[in-house]
Amino acid sequence: MAAAARELILRAGTSDMEEEEGPLAGGPGLQEPLQLGELDITSDEFILDEVDVHIQANLEDELVKEALKTGVDLRHYSKQVELELQQIEQKSIRDYIQESENIASLHNQITACDAVLERMEQMLGAFQSDLSSISSEIRTLQEQSGAMNIRLRNRQAVRGKLGELVDGLVVPSALVTAILEAPVTEPRFLEQLQELDAKAAAVREQEARGTAACADVRGVLDRLRVKAVAKIREFILQKIYSFRKPMTNYQIPQTALLKYRFFYQFLLGNERATAKEIRDEYVETLSKIYLSYYRSYLGRLMKVQYEEVAEKDDLMGVEDTAKKDILVLGNPHARP
């Protein structure tokens, strides 16, 4: 508002000075005629109402009111204001000339800052593109992590059953060494024989289910089974043949065989022909032993029947029938 008031005062002072100096400034020949042309005061470009509002607004300014109240000469005031403006302009020009080097330095600094900001903009753009690529990689990693978690849960779910299957199929070296090298009478041979029987049963069960891994261990188990059957057969037959020696208490080796009863169970499950052979040999041997015992017993019993017995003269109140009984017992076809 103050600037508008100053402009209004300057215009008013200038117009007054032109009115005073116009007639004295060389007459009508020196003054150019005013070319108004066709003035249309009804057009939109010349609206008096707006001018009136503008003037009224300028008159409301405090500086204009103060000047009107004190009766300041507007022409003198306008000259003073113009002079101050000129002084200020000259002073600003001098200041600009004095600070030209600083302004040039500031211009260079601004240019350098623009270059730095441009590089930073490029770096930020590259960083933004890197962030976008990193975000896509993070999404990919998240998807891979989810897939890995699913695979982990699935593997944990089947680990127990797969572990049981592998433990049932794998043939340890201790089992092979014990079956091939250890004597039958050693405890570790019996332990590994039980392990071999369990693995053979597990392999048969898995083969029934169609497990292809059984083919990898079937050959090894078959060879170990054949070797174990041969060693067990030889051991048990030797024990059975020891019953046939004369004056042998067969009950002692028979009791010793009870510790190895699992051998016969293994033969029944894996080699029935050998088990039948051993059973027949055992039955035949014991049958012969029992037959010989019964024959010996019967022979001795018959000797006791033919020995001298008491007669009627030796005992009181006994009839003489002892010899008749002996004859009857000796001849089964004789009638009493």
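Helices here are DSSP runs of H or I, at least four residues long, and they are numbered from the N terminus. With that in hand, the fold is quick to read: going along the sequence, the pattern is α-α-α-α-α-α-α-α-α-α-α-α. That comes to 12 helices and 0 strands. Keep in mind that what you're looking at is a predicted model.

**How far to trust it**

- Averaged over the protein, pLDDT is 76, and 74% of the residues reach 70 or more.
- Two stretches call for care, and one of them is residues 1-6, where pLDDT stays under 50. The model gives residues 1-6 8 contacts beyond four places in sequence.
- The other is residues 12-41, where pLDDT also stays under 50. For residues 12-41 there are 9 contacts beyond four places in sequence.

**The overall build**

- The protein has 336 residues, and 17% of them are buried.
- Take the contacts between residues at least 6 apart in sequence: 70% of these join residues at least 24 apart.

**The aromatic cluster**

- You'll find 4 aromatic pairs in the structure.
- One of them is F189 with F263: the ring centres sit 6.0 Å apart and the planes meet at 80°, so this pair is edge-to-face. Planes have to be over 60 degrees apart to earn that label.
- F189 belongs to helix α7 and F263 to helix α10, so to speak a link between distant parts of the chain, with 74 residues separating the two.
- F189 has a relative accessibility of 0%, so it counts as buried. F263 is buried too, with a relative accessible area of 0%.
- F263 also pairs with Y260: here the centres are 5.3 Å apart and the planes are at 25°, so the pair is stacked. The cut-off for stacking is under 30 degrees.
- Y260 counts as buried because its relative accessibility is 15%, and buried means under 20%.
- Put F189, Y260 and F263 together with F235 and you have one aromatic cluster.

**The largest pocket**

- The largest pocket holds about 280 Å³ of space.
- Four elements each give two or more residues to its lining: α8 (214-241), α9 (251-257), α10 (261-270) and α11 (272-306).
- Helix α11 provides the largest share of that lining, with 3 residues.
- The lining is made up of I236, I240, Q254, L257, L258, Y260, R261, Y264, I278, R279 and Y282. So Y260, a member of the aromatic cluster, turns up again as one of the residues lining the pocket.
- Sorted by class, the pocket lining has 8 nonpolar residues, 1 polar and 2 charged.

**The cavity**

- Searching the whole structure turns up 1 cavity of 30 Å³ or more.
- About 40 Å³ of space lies in the largest cavity.
- Its lining consists of L196, A200, R218, L221, D222, R225 and N270.
- Helices α7 (187-209) and α8 each supply at least two of these lining residues. Helix α8 gives the most, with 4 residues.
- This lining divides into 3 nonpolar, 1 polar and 3 charged residues.

**Two residues worth a look**

- Q206 is found in helix α7.
- Is Q206 buried or exposed? Q206 has a relative accessible area of 15%, so it is buried.
- Leaving out residues up to four places away in sequence, Q206 touches L165, T211 and C214.
- E277 lies in helix α11, and with a relative accessible area of 33% it is partly exposed. That label covers values between the buried limit of under 20% and the exposed limit of over 50%.
- Which residues does E277 touch, not counting residues up to four places away in sequence? E277 touches R233 and L237.
- E277 and L237 are 40 residues apart along the chain, and 9.6 Å separates their C-alpha atoms.

Technical notes
Residues numbered from 1 in each chain as written. Predicted model: local features only at pLDDT ≥ 70, side-chain atom pairs only at ≥ 80, totals over all residues. Heavy atoms only, no water. 1 Å grid on protein atoms, 1.4 Å probe; cavity = no way out; pocket = protein on both sides within 12 Å on 5 of 7 lines; lining within 4 Å. Points joined across faces, edges and corners; volume = space filled by probe spheres on them. Nonpolar A, V, L, I, M, F, W, Y, C, P; charged D, E, K, R; others polar. pLDDT = per-residue confidence, 0-100. Contact = heavy atoms within 4.5 Å. Buried < 20%, exposed > 50% of the residue type's maximum accessible area, 1.4 Å probe, protein only. Phe/Tyr/Trp six-rings, centres within 6.5 Å; stacked < 30°, edge-to-face > 60°.
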